[in-house]
Amino acid sequence: MSTNSFIIDGKTPINGEWVGADSGVTFPVYNPANGEVLGQVPDQREAETNRAIDAAAAAFEEWQWSPVKTRHDILRKWFSLMTEHAEELARLITLENGKPLADARGEQTYSASFIEWFAAEAMRAYGDHIPATIDGVRNVTIKQPIGVVGIITPWNFPSAMITRKVAAALAAGCTCVIKAPSETPFSALALAKLAEEAGVPKGVINVITTGSSSTVGKILATHPIIKKISFTGSTGVGKVLASQCSSTLKKMSLELGGNAPFIVFDDADIDAAVAGAVICKFRSSGQTCVCANRLFVQSKVYDEFAKKLTEAVSKFKVGNGLEQGITHGPLVNAKAAAKVDEHVQDALAKGAKTLIGGKRGEGAFYEPTVLINIADDAVVMKEETFGPLAPIIKFETEEEVIKKANDTEFGLAGYFFSRDIGRVWRMAEALQVGMVGANTGLISQTSCPFGGVKESGWGKEGSKYGLDDYMVLKYVCMGGINSRR
């Protein structure tokens with residue numbers, strides 16, 4: 001099967017049938033590396049979304065009672081199909097997202113791993129026995145699927161952000177309606193196609209593509225049949241969805257914006273810190289929610305770190321992600337590149353100095369950039385850049401950098417490098433984030449909980465905790481049991 005066979009023009013799966021928009025309207029999906037049109041997807045709105053919700057509700061009546069072994073076996077088959085078609089799926093990610101093929105292969109592996117993980121977790125939705133404090137009763141808790149789930153995912157990980165949610169939902173016994181990102185919908189459709197081949201029943205997975213995300217998002221958030229929303233995206237949109245969900249008191253999982261600090265102390269292994277910064281800041285051209293956004297470096301090693309990071313960045317090769325040797329691709333679109341340039345120009349106007357990069361390329365490209373001498377009031381100190389910009393800020397003391405690192409409304413991830421075990425514990429506890437990388441810039445693992453604090457959202461994805469967000473805990477008190485006394 002070729003990659004082109006996964007570019008499904010003009011149709012999405014609703015209730016087991018591949019259909020277009022009632023209006024017949026479609027919109028194009030572009031390759032950000034060259035602006036070419038990859039294909040068309042339907043512009044679906046209220047009517048199609050409501051049909052998808054109804055289909056998921058009907059499918060839930062059967063799927064919720066399916067044996068956990070059945071769910072396990074179907075998810076395992078889905079995982080096997082993803083593994084079988086790994087190269088085609090990776091190329092599809094590169095075509096619609098722009099990331100280099102090596103990164104796309106990594107995402108494909110990561111994406112499939114969630115299906116494998118939750119296939120096993122389906123068998124482990126354990127309850128508890130609670131000792132009775134009243135004579136003649138027995139107490140237990142059981143876990144049950146919450147119901148139909150609305151899933152809204154971003155474009156930066158077009159495959160993994162879907163499987164991290166959908167695999168957990170299906171393992172728990174839920175059905176779902178997915179609003180695919182308009183920039184990268186083909187990966188979502190490819191996953192749905194393979195899920196069908198794996199034996200996922202009709203109506204369990206439904207996909208909507210739309211040119212009006214706010215319209216479909218509001219329907220999912222306010223519809224009484226939808227019992228949970230799982231959203232990954234900006235904090236601003238997350239707040240809108242939370243407000244809309246309040247009308248029905250839906251359960252929500254929100255993985256929102258970040259402004260991750262990356263801290264290098266003077267006792268750190270500087271080469272390891274530079275390597276960590278390269279993968280943490282520049283992976284996917286800086287378009288990951290856990291990317292380092294502010295690089296704080298202690299004064300004694302500031303110049304050394306800046307020099308070595310600049311040398312590392314100078315070895316990057318920017319271009320079309322399908323070409324040999326490319327390390328960094330374009331941003332998702334020209335608008336994203338313009339935002340990076342705004343942050344760079346703001347920092348320069350406030351006294352920053354460019355060590356490398358700092359210029360827009362054609363279309364969606366932006367040069368990987370390292371800046372020093374960052375002012376405290378620079379925009380990059382407060383806003384998430386979401387691009388290949390590494391601003392380096394000098395600090396003197398541990399207390400100072402903790403205060404600066406936590407001076408943000410976000411709290412998704414944080415990183416630091418130090419060989420002092422006492423400092424490692426202090427920093428891990430002091431950073432106001434949901435995830436900490438100590439002496440590493442790569443923290444995402446299927447088996448570990450992913451999620452933030454403060455305005456970076458709530459809930460956890462992946463890990464043994466990820467299943468609980470799609471289930472309700474029910475307490476059962478059984479009376480009338482004779483006492484043995």
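How many bridges join strand β6 (residues 138-145) to β20, and in which sense do the two strands run? Eight bridges join β6 to β20, and the two strands run antiparallel; strands here are DSSP runs of E of at least two residues, helices are DSSP runs of H or I of at least four residues, and both are numbered from the N terminus, while two strands are taken to pair if DSSP finds at least two bridges between them. The structure is a predicted model, in which local features need pLDDT of at least 70 and side-chain atom pairs count only at pLDDT 80 or more, whereas totals for chains, interfaces and linings use all residues. Residues are numbered from 1 along each chain as its sequence is written, and side-chain values use heavy atoms, with hydrogens and water left out.

Within the pairing of β6 and β20, V140 has V476 of β20 as its bridge partner. Both strands belong to an open sheet of three strands in the order β5-β6-β20, with antiparallel pairing. The edges are taken by β5 (128-130) and β20 (471-478), each of which has a single partner strand, so that one side of each is left without a neighbour in the sheet. On average, and with direction ignored, neighbouring strands of this sheet are turned by 25° against each other, where axes are lines fitted to C-alpha atoms (for helices over the stretch in contact) and angles run from 0 to 180 degrees between N-to-C directions.

Strand β15 (residues 369-372) pairs with two further strands, which are described here in turn. With strand β14 (residues 353-356) the pairing is antiparallel over three bridges, and T354 stands opposite L371 of β15. With strand β16 (residues 389-395), β15 runs parallel and is joined by three bridges, P391 being the bridge partner of L371 in β16. In a regular strand the side chains alternate between the two faces of the sheet. In β15, T369 and L371 point one way and V370 and I372 the other, and all are buried, a term that denotes under 20% relative accessible area, as against over 50% for exposed and values in between for partly exposed (1.4 Å probe, protein chains only).

Helix α4 (residues 101-121) packs against two other helices. Its axis and that of helix α3 (residues 86-97) are 8 Å apart, with an angle of about 120°. The two helices are therefore oblique to each other, since angles under 35 degrees count as roughly parallel, over 145 as roughly antiparallel, 65 to 115 as roughly perpendicular and the rest as oblique. The contact (heavy atoms within 4.5 Å) is made by residues including L89, A90 and I93 of α3 and L101, A104 and Q108 of α4. The crossing of α3 and α4 is right-handed, meaning that the near helix is turned clockwise from the far one by less than a right angle, whereas an anticlockwise turn would make a crossing left-handed. The axes of helix α2 (residues 68-84) and α4 come within 8 Å and cross at roughly 165°, and these helices are therefore roughly antiparallel to each other, with a left-handed crossing. Among the residues that meet there are L75, W78 and F79 in α2 and I115, F118 and A119 in α4.

Several buried polar positions were also examined. E121, in helix α4, has a relative accessible area of 6% and is buried; apart from residues up to four places away in sequence, E121 touches K464 and L467. T446 is found in the loop between β18 (435-438) and β19 (457-458) and counts as buried at 12% relative accessibility. Beyond its neighbours within four places in sequence, T446 is in contact with Y110, S113, F114, W117, G462 and S463.

E255 lies in strand β11 (residues 251-255) and is covered by the UniProt annotation "active site" from an unreviewed entry; such annotations may be inferred rather than shown by experiment, their positions are given in the numbering used here, and feature names are shortened. E255 counts as buried at 3% relative accessibility, and its contacts outside four places in sequence include R164, F231, C289, L412 and F450.

Most residues other than glycine have a negative phi. S284, which is not a glycine, has a positive phi of about 55°; S284 lies in the loop between α9 (270-282) and β13 (292-298) and counts as buried at 6% relative accessibility. F386, in the loop between β15 and β16, likewise has a positive phi, of about 60°, although it is not a glycine.
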